[in-house]
Amino acid sequence: MPHPAELLRDSLAAHLDIFGSHDLLGEDTYVTPSHVTPSPYDRIKALIPEDSPLHGFQTLAEVETWVASTELIELDRTRTKPVFGVGHPKADLMVIGEAPGADEDREGEPFVGRAGKLLTEILKAIGFDRSDVYIANILKSRPDNNRDPRPDEIAAHVPILYKQMVLIQPKLILCVGKTSGNSLLGRNQSLKSMRGTFQDFHGLETLVTYHPAALLRNPNWKRPTWEDVQLLRKRYDELTA
Ligand code: URA
């Protein structure tokens, strides 16, 4: 006759899940044990709508091919070229802008116009080549007359960016401009109130700073931008040491 303590032990063992927790609530009421923290990439993946074809892709090239052949919004029909993203496919730093302008629309590459050249200079000043990082935008298609992206356009395209993050697995994010920061973080804040400290994007440290096009208009913002990117470089070195 087994001892009652043994019976209890065996019945508990039968309910042990793969984490060694007792699933005493049963399958239907299963909750992730609090000591298991999903990675930022798992959390970002969960932001992509369940029925999105994006879930089926394993590589950036597959996603890029799908983006080039898919019309999610009107701008995907009127664009010259889609602007998917460029850089290191396993970059530790991802730089995120707003949307392609005329030069990017023509060339199919982000940040190649005047503002793009300034961004490249800023990155160089903190020791990064464009090929060290990954550069992408919230929108993959150019808004007509360079107008601000609309919320419905952002909602339709931002899952592509989430998928890029899931595949690249960066350690740090740099958002340039208010639209980029607010669109990614799901906020409606001033640039001033977001910059200067790291914000949290589902476990990924995210710095928001001025858009290089804004710096071309207002040189007074160059100093705070310089402070921001130095902070970014310091954190990058800590995280990649
Ligand atoms: N501005 C952006 O936000 N992205 C680009 O690619 C170019 C200009």
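Ser180 is buried, with a relative accessible area of 0%. Since this is a predicted model, take that as a value computed from predicted coordinates. The residue sits in helix 8. Setting aside neighbours within four places in sequence, Ser180 touches Ile96, Gly97, Glu98, Ile138 and Cys175.

Glu98 from that contact list turns up again at the largest pocket, where Glu98, His211, Ala213, Ala214 and Arg217 are the lining residues that lie nearest the centre. In total, 33 residues line this pocket. Helix 8 (178-185) gives two or more residues to that lining, and so do helix 5 (102-107), helix 6 (114-125) and helix 10 (212-217). As for how much room there is, the volume comes to about 760 Å³. If you're wondering how such space gets found, rolling a probe the size of a water molecule over the atoms shows where empty space is left.

What does the lining look like by class? It has 13 nonpolar, 11 polar and nine charged residues.

Now for the strands. Why call strand 6 (residues 204-209) largely enclosed by the rest of the structure? Five of its six residues are buried, so the label fits. Buried here means under 20% relative accessible area. Strand 6 has two pairing partners to look at, and they run in opposite senses: strand 4 is parallel to strand 6, while strand 5 is antiparallel to it.

| Strand paired with strand 6 | Sense | Bridges | Example pair |
|---|---|---|---|
| Strand 4 (residues 172-176) | parallel | five | Leu174 with Leu207 |
| Strand 5 (residues 199-201) | antiparallel | three | Gln199 with Thr206 |

Strand 5 and strand 6 also make a hairpin, with two residues between them. In the turn, His202 has a positive phi of about 50°. On side chains, the general rule is that in a regular strand they alternate between the two faces of the sheet.

Zooming out, the protein has 11 helices and six strands. Of its 241 residues, 45% count as buried, Ser180 being one of the buried ones. How do the contacts spread along the chain? Among those between residues at least 6 apart in sequence, 68% join residues at least 24 apart. The accessible surface of the protein is about 12,900 Å², and carbon and sulfur atoms account for 52% of that.

Conventions
Residues are numbered from 1 along each chain as its sequence is written. This is a predicted model: local features need pLDDT of at least 70, side-chain atom pairs count only at pLDDT 80 or more; totals for chains, interfaces and linings use all residues. Side-chain values use heavy atoms; hydrogens and water are left out. On a 1 Å grid over the protein atoms alone, a cavity is a set of points where a 1.4 Å probe fits but cannot get out, and a pocket is an open set with protein on both sides within 12 Å along at least five of seven lines; lining residues have an atom within 4 Å of a point. Grid points are joined across faces, edges and corners, and a volume is the space filled by probe spheres set on the points. Helices (H or I, at least four residues) and strands (E, at least two) are DSSP runs, numbered from the N terminus. Ala, Val, Leu, Ile, Met, Phe, Trp, Tyr, Cys and Pro count as nonpolar, Asp, Glu, Lys and Arg as charged, and the others, Gly among them, as polar. Buried means under 20% relative accessible area, exposed over 50%, partly exposed in between (1.4 Å probe, protein chains only). Contact means heavy atoms within 4.5 Å. Accessible areas come from the Shrake-Rupley method with a 1.4 Å probe; for residues, only the protein chains shown count as cover. Two strands pair if DSSP finds at least two bridges between them.
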